[in-house]
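Reader: I am new to this structure and would like a close look at how its helices pack against each other. Please take one part at a time and keep it plain.

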Amino acid sequence: MKLLKSTVLTVFAAFLLFNCSPKKEDNQASTDSTATSEAREIWTKEQAKEWYAKQGWLVGADFLPSTAINQLEMFQEASFDTATINRELGWAENIGMNTMRVYLHDLLFQQDSAGFVKRVGVFLDIAKKHNIKPMLVLFDSCWDPFPKLGTQRSPKPGVHNSGWVQSPGLNALKDSTQYARLERYVKGTVAAFANDDRVLAWDIWNEPDNPNTSSYGKVEIPNKVDYVLPLLEKSFAWARTVNPSQPLTAGVWNGDWTSHETLKPIEKVMIDQSDIVTFHNYEDAADFEKRIKQLQQYDRPMICTEYMSRGNGSFFKGSLPIAKKYNVGAINWGLVSGKSQTIYPWDSWKKTYTSEPELWFHDIFRKDGTPYKKEETDLIKSLTASK
């Protein structure tokens, strides 16, 4: 009963604040100047460190239940699989994981804001039961640029992330008249959980300038970054207007991080607007450590929000002990092998795979809960158990 009351109150508050029923586009009257005047400031380094000191060492995975092919299938009402989510987060808890990185989608909020917020709340309740505090991702520039609500397609056999979709999609990204809708999504979603201790952090945009060259390069916008950059800046501002108690971030993932001057313009926004520093690294242990040292110049807490690609030389045994050494949070890609098929490598978009690869690219567990490599789960468990 207590869980039902808290969920209803959360949904009701979010609905009152940011009702997203169809309205005329005069909602665009919500201006950037208003947002900026009401927005909380970017955390100081001291505030960020104070928050991080309360979290403990953060270890987890980018999570999608094995029964979902993408973030739409995970959270749509018809396919919201709480039994699988509960079971699989239990396996994560058993090896000492205490966070997950989970992707949301703007179309879910547009379709049914109250229902979407309710389902996210249910997911957070399940995670809390397993002592897991997720980081929630609002937007993503990777894979299919044409997301559609409804029944999602079946996986293409042997292809890595064959059904993952971008948020916002290409059409929305190019259409500035949709900014009002996206603003409602950001503000409404963050506001619903702005003071919720079940949420670890908000990842504003995953790999915003990723061109998807090897998968959807032929249909991507050639100058994609020109569309993403202004919307990324607005999204940070929108999220801050609802004064979230959790940190905001966007993780750098590619480029030269030697100094602030060597960053691309979009990377400067990602670093400068983030309360905490997040990054991706799919290289070997030496490169992982080099990247950490480069990002230490910002003197803020750090979380690696994607790593571990065995076929690319990134392993738990290499990166995870280094993350612990520097007190850097570590979130690897993939928990359970499933419809995302991320056990197959990135080159599966070009190369045909007809059977399970001997060396899994991502993921930790098989669908029955047995580890792909027990020595890996033993290592994770030992590192998370020791202080």
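Author: What follows goes through the helix contacts, with a little context before and after.

The model is a predicted one. Its chain holds 14 helices and 8 strands. Of the 387 residues in the chain, 58% are buried. Among contacts between residues at least 6 apart in sequence, 80% join residues at least 24 apart.

Take the pair α12 and α13. Helix α12 covers residues 285–295 and helix α13 covers residues 316–325; their axes come within 8 Å and cross at roughly 25°. Angles under 35 degrees count as roughly parallel, and α12 and α13 are therefore roughly parallel to each other. The crossing in which α12 passes α13 is right-handed. On the α12 side, the residues in contact are Ala 285, Phe 288, Glu 289 and Ile 292. They meet Gly 318, Ser 319, Ile 322, Ala 323 and Lys 325 of α13. By type, the residues of this contact divide into 5 nonpolar, 2 polar and 2 charged. An α-helix has 3.6 residues a turn, so residues three or four places apart point the same way.

The other pair is α10 and α11. Helix α10 (residues 224–241) packs with helix α11 (residues 265–272) at an angle of about 15°, and their axes are 10 Å apart. That angle makes α10 roughly parallel to α11. Here α10 passes α11 in a left-handed crossing. From α10, the contact takes in Val 225, Val 228, Leu 229, Leu 232, Glu 233 and Phe 236, while α11 supplies Pro 265, Ile 266, Val 269 and Met 270. The residues of the contact between α10 and α11 divide into 9 nonpolar, no polar and 1 charged.

Helix α9 can be looked at by itself. It runs over residues 179–192, and at 1.5 Å a residue its 14 residues should span 20 Å; the C-alpha atoms at its ends are 20 Å apart, which agrees. This helix is mostly covered, as 14 of its 14 residues are buried.

A last stop is a loop residue. Ile 132 lies in the loop between α7 (113–129) and β3 (135–140). Its relative accessible area is 3%, and buried means under 20%, so Ile 132 is buried. Leaving out residues up to four places away in sequence, Ile 132 touches Leu 89, Ala 92, Glu 93, Met 97, Asn 98, Thr 99, Met 100 and Ala 127. Leu 58 is 74 residues from Ile 132 along the chain, and the C-alpha atoms of the two are separated by 9.7 Å.

Methods: Residues are numbered from 1 along each chain as its sequence is written. This is a predicted model: local features need pLDDT of at least 70, side-chain atom pairs count only at pLDDT 80 or more; totals for chains, interfaces and linings use all residues. Side-chain values use heavy atoms; hydrogens and water are left out. Axes are lines fitted to C-alpha atoms, for helices over the stretch in contact, and angles run from 0 to 180 degrees between N-to-C directions. Helices (H or I, at least four residues) and strands (E, at least two) are DSSP runs, numbered from the N terminus. Angles under 35 degrees count as roughly parallel, over 145 as roughly antiparallel, 65 to 115 as roughly perpendicular and the rest as oblique. A crossing is left-handed if the near helix is turned anticlockwise from the far one by less than a right angle, and right-handed if clockwise. Contact means heavy atoms within 4.5 Å. Ala, Val, Leu, Ile, Met, Phe, Trp, Tyr, Cys and Pro count as nonpolar, Asp, Glu, Lys and Arg as charged, and the others, Gly among them, as polar. The expected span of a helix is 1.5 Å times one less than its number of residues. Buried means under 20% relative accessible area, exposed over 50%, partly exposed in between (1.4 Å probe, protein chains only).
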